Amino acid sequence: MTAKILIVEDDFDIQTLIKISLSNKQLGKIYLANDKLEAEQLLKNDHFDIVLLDLNLKSENGYELVKYFKNKDTKLIVVTAKDTDLDVYKGFENGAVDYVKKPFDPIELAYRVGVHIQSSHTHNNKNLKVNLDTTDVVIDNEKVNLTSREYDLLMYFIKNTNKVVTKSQIYEHVWGYSISVDDNTLMVHIRTLRKKIENDANNPQLIQTVRGKGYIYRG
């Protein structure tokens, strides 16, 4: 799977430098945005594995865009001249996975992006590992066979890590139904999934029931 990378930078020279350094390592398909509005439009219409964001966009507060990535599966790398400890902490607090201070080494930046792309294609949680490219699911280094429905259910939970999801939401996004058709169907699938990925299906640590509300996947 080819990674999609968005560079949000209003300085043409720096934007070009980043693009060339990433292209030289063939890290993925690169998209460019010159301001917050262009970035928001691209993010609305497509999914990106990595976003490199300058906080000093002209006449705009880059942090307003940073907040978009909190609890998202897109990895945000802040590339900026804002380099105080407070700026760094604020970046991480709002969802950034890395913080690169200008001026930067373009080769080092490319390597950092490569590492984050590789990790973005794998989900790790306790003894569970999911390869998002091959859809392989591994528990304690042993491959587990899931049905397509079980895998879709697991993916929905992973995309909503640490968020309570209702039965209706699960049916809508995994089964394609707008309403809960049969609670027993969902319960059976979750029980079977727990048996395959939990150390103790009777005391689940990954997929937990939230009484009266639905389920939560603990990450």
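Modeller: Two strands pair if DSSP finds at least two bridges between them. Keep that in mind as we look at this predicted model.

Biologist: Thanks! How do you know that β8 and β9 pair?

Modeller: Three bridges join strand β8, residues 137-139, to β9. At least two are needed, so β8 and β9 count as paired. The two strands run antiparallel, and I139 has E142 in β9 as its bridge partner.

Biologist: What makes β6 and β9 the edges of their sheet?

Modeller: The sheet is open, with four strands in the order β6-β7-β8-β9 and antiparallel pairing. β6 (122-125) and β9 (142-144) each have a single partner strand, so one side of each lacks a neighbour in the sheet. On average, neighbouring strands here are turned by 25° against each other, direction ignored.

Biologist: Which strands does helix α6 touch?

Modeller: Helix α6, residues 148-159, packs on the sheet and touches β6, β7 (128-131) and β8. The direction of α6 makes about 105° with that of β7.

Biologist: Let's turn to two other helices. Why is α7 called roughly perpendicular to α8?

Modeller: The axes of α7 (residues 167-175) and α8 (residues 183-197) cross at roughly 75°. Angles of 65 to 115 degrees count as roughly perpendicular, so α7 is roughly perpendicular to α8. Their axes come within 11 Å.

Biologist: Which residues meet there?

Modeller: From α7 come K167, I170, Y171 and W175, and they meet D183, T185, L186 and H189 in α8. The residues of this contact divide into four nonpolar, two polar and two charged.

Notes:
Residues are numbered from 1 along each chain as its sequence is written. This is a predicted model: local features need pLDDT of at least 70, side-chain atom pairs count only at pLDDT 80 or more; totals for chains, interfaces and linings use all residues. Side-chain values use heavy atoms; hydrogens and water are left out. Axes are lines fitted to C-alpha atoms, for helices over the stretch in contact, and angles run from 0 to 180 degrees between N-to-C directions. Angles under 35 degrees count as roughly parallel, over 145 as roughly antiparallel, 65 to 115 as roughly perpendicular and the rest as oblique. Contact means heavy atoms within 4.5 Å. Ala, Val, Leu, Ile, Met, Phe, Trp, Tyr, Cys and Pro count as nonpolar, Asp, Glu, Lys and Arg as charged, and the others, Gly among them, as polar.
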